[in-house]
Amino acid sequence: MTFSICVREETDEGTSFGVAVATDAPAVGALAPYVTHDGVISTQSFVNVRLGRRGVALLPDLGVDDALAGLLEQDDHSHLRQVHGLDARGNAFAHSGDGCDGWFGHRVHDERDLTVAGNMLVGEETLDALAETFAAGDEEKEEDLVSRLIDALAAGKEAGGDKRGHTSAAVMVKAPRTTAYHDLRVDAHEEPIAELRRVYETTKEASDGFSESSKERIFD
């Protein structure tokens, strides 16, 4: 009952990872997205949070494909899971069990350093909109990574999104220079993606000048 995008971005400062997700259920940000400096994972459908938590914990030593494939092999209900992500080594992985509710599917775009996945969607157009919108913004680089991820969510919703509607949304980024608006959630709202955009813009304005390097704030 979710659609999401995971991305890897190389900049002069280093590698950033990001994930954005929306669904028609409350508090998706507490369940689906996981990101570290080693990679990014979204776990969804009948959520198994261990795929996210253990998955990113394994990435210093394993590729995301090996980590998630191994965890799914130990999961008695892997046919109900949907999970995807990328790592710092350049690997990508996506899985949609045949027990997920339709429409469901995933895409791995190696050339764009992104993966997308969704279930209980109006149709596959949602995934195409996620990938194409993010890729277009990635080429222009006029907005930061968080903004482009929210743009991708908005495009996915516009293309159909969750066929039941939308209640919550979240975006998480791990960048060489971390700041407050890299971890934002809207847990219950009539227009969660639009509200996520408002929260992002408010937080970005309020946190201007605060980062790890400024010594004014400390981010883990």
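**Helix packing and two arginine sites**

Helix H1 passes helix H2 in a right-handed crossing, a crossing being right-handed if the near helix is turned clockwise from the far one by less than a right angle and left-handed if anticlockwise. The contact is formed by Arg50, Leu51, Arg54, Gly55 and Leu58 of H1 together with Ala67, Leu68, Leu71 and Leu72 of H2, where contact means heavy atoms within 4.5 Å. By class, six nonpolar residues, one polar residue and two charged residues make up the contact of H1 with H2; Ala, Val, Leu, Ile, Met, Phe, Trp, Tyr, Cys and Pro count as nonpolar, Asp, Glu, Lys and Arg as charged, and the others, Gly among them, as polar. The axes of H1 and H2 come within 9 Å and cross at roughly 140 degrees, which makes H1 oblique to H2. Axes are lines fitted to C-alpha atoms, for helices over the stretch in contact, with angles from 0 to 180 degrees between N-to-C directions; angles under 35 degrees count as roughly parallel, over 145 as roughly antiparallel, 65 to 115 as roughly perpendicular and the rest as oblique.

The model is predicted: local features need pLDDT of at least 70 and side-chain atom pairs count only at pLDDT 80 or more, whereas totals for chains, interfaces and linings use all residues. Residues are numbered from 1 along each chain as its sequence is written, and side-chain values use heavy atoms, with hydrogens and water left out. Helices (H or I, at least four residues) and strands (E, at least two) are DSSP runs, numbered from the N terminus.

In H1, the residues Val49, Leu51, Gly52, Gly55 and Val56 are buried (under 20% relative accessible area, against over 50% for exposed and in between for partly exposed; 1.4 Å probe, protein chains only). Viewed down the axis of H1, these buried residues fall within an arc of 165 degrees, so they line one face of the helix; the arc is that of the directions from the helix axis to the C-beta atoms. The face of H1 turned away from the buried side carries the exposed residues Arg50, Arg53 and Ala57. The cover over the buried residues of H1 includes strand E3 (33–36), E4, H2 and E5.

Helix H2 (residues 64–73) has Val64, Ala67, Leu68, Leu71 and Leu72 as buried residues. Seen along the axis of H2, they occupy an arc of 125 degrees and therefore line one face of the helix. They pack against strand E4 (39–45), helix H1 (49–58), strand E5 (81–87) and strand E6 (92–96).

A further helix pair is formed by H4 (residues 145–158) and H5 (residues 192–206), whose axes come within 10 Å and cross at roughly 165 degrees. H4 is therefore roughly antiparallel to H5, and their crossing is left-handed. Val146, Ser147, Ile150, Asp151, Leu153, Ala154 and Lys157 in H4 meet Ile193, Leu196, Arg197 and Tyr200 in H5. The residues of this contact divide into seven nonpolar, one polar and three charged.

Arginine 198 lies in helix H5 and is partly exposed, with a relative accessible area of 44%. Its C-alpha atom is separated by 27 Å from that of valine 47, 151 residues apart along the chain. Arginine 112 is placed in the loop between strand E7 (105–109) and strand E8 (114–119), and counts as partly exposed at 32% relative accessibility. Not counting residues up to four places away in sequence, arginine 112 touches Ala131, Glu132 and Ala135.
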